[in-house]
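Biologist: Please pick one part of this model and go over it closely for me, then show me what surrounds it. Plain bench talk is fine.

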Amino acid sequence: MSHGPRSGLAAVSSAMLAMSRHLEVRDVLKTIVASARDLLDAQYAALGVPDDHGGFAQFVVDGVSDEQWKAIGPLPRRHGVLAAMLDDAAPQRLADVRRDPRFGGWPGAHPDLVDFLGLPVRDGDEVLGALFLANKRCPKPEGTCGFTEDDEELLGILAQHAAIALTNARLYERSRELTIAGERSRLAHELHDAVSQKLFSLRLTAQAAARLVDRDPARAKGELQQVAVLAAEAADELRAAVVELRPAALDEDGLVATLRTQIQVLDRAHSARVTFTGHLVRALPAAQEEAVLRVAQEALHNALRHSGGEHVDVTLERRGSGAVLRVGDDGGGFDPHAVRRAGRHLGLVSMRDRASGVGGRLTVESAPGKGTIIELEVPGG
């Protein structure tokens, strides 16, 4: 690193703090790309977020002027080395990208890229984007790559934080669509209590790493690894806070579609497998649908955060003119008779209140080591 390790750590810290300063997707992408180029001392950097049509929904570059970017033309398609980064988990480190057999050329106004380092931005099995750098600013013999294994490792750290930042920013943008003042107030409270302290700890840990880098590089590396852990925990807390909100899509898409969408998000965000089966034929009254959604969210939160299970199964089916929701997990379970302790801890009191508020009935079946099944039955209109 030609600028030295201290400025390198500052660039890493800047990328991580971007998660707390900017929650719009575009701003987060710009900060990550600029930090990557500064950290690895490259002439160019870019991060592309793919769409569902063979191209990129967003493509952010650093090192190219606005005039150059306009002259280059439309966003690139997913082919060649870009496609390889999205389809293959392995990093791409090349001495000359133009000589790679997958290279397909670029527009006339495109700058010449030579040595190249890129890798996918992943959230579990989902590929969120491709992050790459080109033209390392360092002396290098003809035909060799200026990017090193250390550069590859540092870019990997930034890619992990890019995945967290992208997921958080997307969830935040969805949450801005909510218009109910009480829900916004509750979200602010959740974010303050659950996320802000994690981000504060993250900042302190990054500062500690900066102080240690000169006298104890091994401990500095350990502190940076702790930063990654804290950032991942903050992302989990933010996901939990956002997914608990009543989405605006409930009124438009209905209960089944809304539940399915939320469960797909949870399945991607957590290591446990989360599945959904819905057989509700016709809509329920609005109050019943909201009660079912809230109880499902609370039960899912409990199962994913506290049960330790590997599988959570959610079913929604019609019963007479009403419906039955069932959320079951294969986790550690608990003693449902210990109402004072477990009821408050797992939100059972609030779930029962929601059920009774719409004339429904909540039952809990659980035992230590036997998993948990929460069932809610609500009447129809």
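Modeller: Let's start at a turn: β4 and β5 form a hairpin with two residues between them, and Gly-124 in that turn has a positive phi of about 65°. Strand names here come from DSSP runs numbered from the N terminus: strands are E runs of at least two residues, and helices are H or I runs of at least four. Two strands count as paired if DSSP finds at least two bridges between them.

Some ground rules before going on. This is a predicted model, so local features need pLDDT of at least 70 and side-chain atom pairs count only at pLDDT 80 or more, while totals for chains, interfaces and linings use all residues. Residues are numbered from 1 along each chain as its sequence is written, and side-chain values use heavy atoms, leaving out hydrogens and water.

Back to the hairpin. Strands β4 and β5 run antiparallel and are joined by eight bridges. One of the partnerships is Asp-123 with Glu-126, the latter in β5. As a reminder, strands of a sheet pair through backbone hydrogen bonds, either parallel or antiparallel. Strand β4 is also joined to β3, again antiparallel, by three bridges; there, Leu-94 stands opposite Phe-116 in β4.

How enclosed is β4 by the rest of the structure? Largely, because seven of its eight residues are buried. Buried means under 20% relative accessible area, exposed means over 50%, and partly exposed is in between, using a 1.4 Å probe on protein chains only.

Strand β5 has an oddity of its own. Asn-135 lies in this strand, and its phi is near 60°, a positive value in a residue other than glycine. Most residues other than glycine have a negative phi. Asn-135 is buried, with a relative accessible area of 10%. Asp-41 is another case, with a phi near 55°; it is found in the loop between α2 (25–40) and β1 (42–50) and counts as buried at 7% relative accessibility.

Now for the charged contacts around this part. A salt bridge here is a side-chain nitrogen of Lys or Arg within 4 Å of a carboxyl oxygen of Asp or Glu. Side chains of opposite charge can pair when their charged atoms come close. The whole structure has 15 salt bridges by this search. One of them joins the side chains of Lys-140 and Asp-115, at 3.6 Å from N to O. Lys-140 is in the loop between β5 (126–136) and α5, and Asp-115 is in the loop between β3 and β4 (116–123), so the pair ties together parts that are 25 residues apart in sequence. Asp-115 is buried, at 0% relative accessible area, whereas Lys-140 is partly exposed at 31%.

Strand β3 brings in another salt bridge, between Arg-93 and Glu-152, with 2.9 Å from N to O. This pair links distant parts of the chain: Arg-93 belongs to β3 (residues 92–94) and Glu-152 to helix α5 (residues 149–175), 59 residues apart. Both ends are partly exposed: Arg-93 has a relative accessible area of 32% and Glu-152 has 25%.

There is also a network of salt bridges linking Asp-96, Arg-98 and Arg-99. Within it, the closest N and O atoms of Arg-98 and Asp-96 are 3.0 Å apart. Asp-96 is buried, with a relative accessible area of 13%, while Arg-98 is partly exposed at 36%.

If you scroll on along the chain, you'll meet an open sheet of five strands in the order β6-β7-β8-β10-β9, with mixed pairing. Its edge strands, β6 (273–279) and β9 (361–366), each pair on one side only. Inside that sheet, β8 (residues 322–329) and β10 (residues 372–378) pair in the antiparallel sense over seven bridges, and Val-327 stands opposite Ile-374 in β10.
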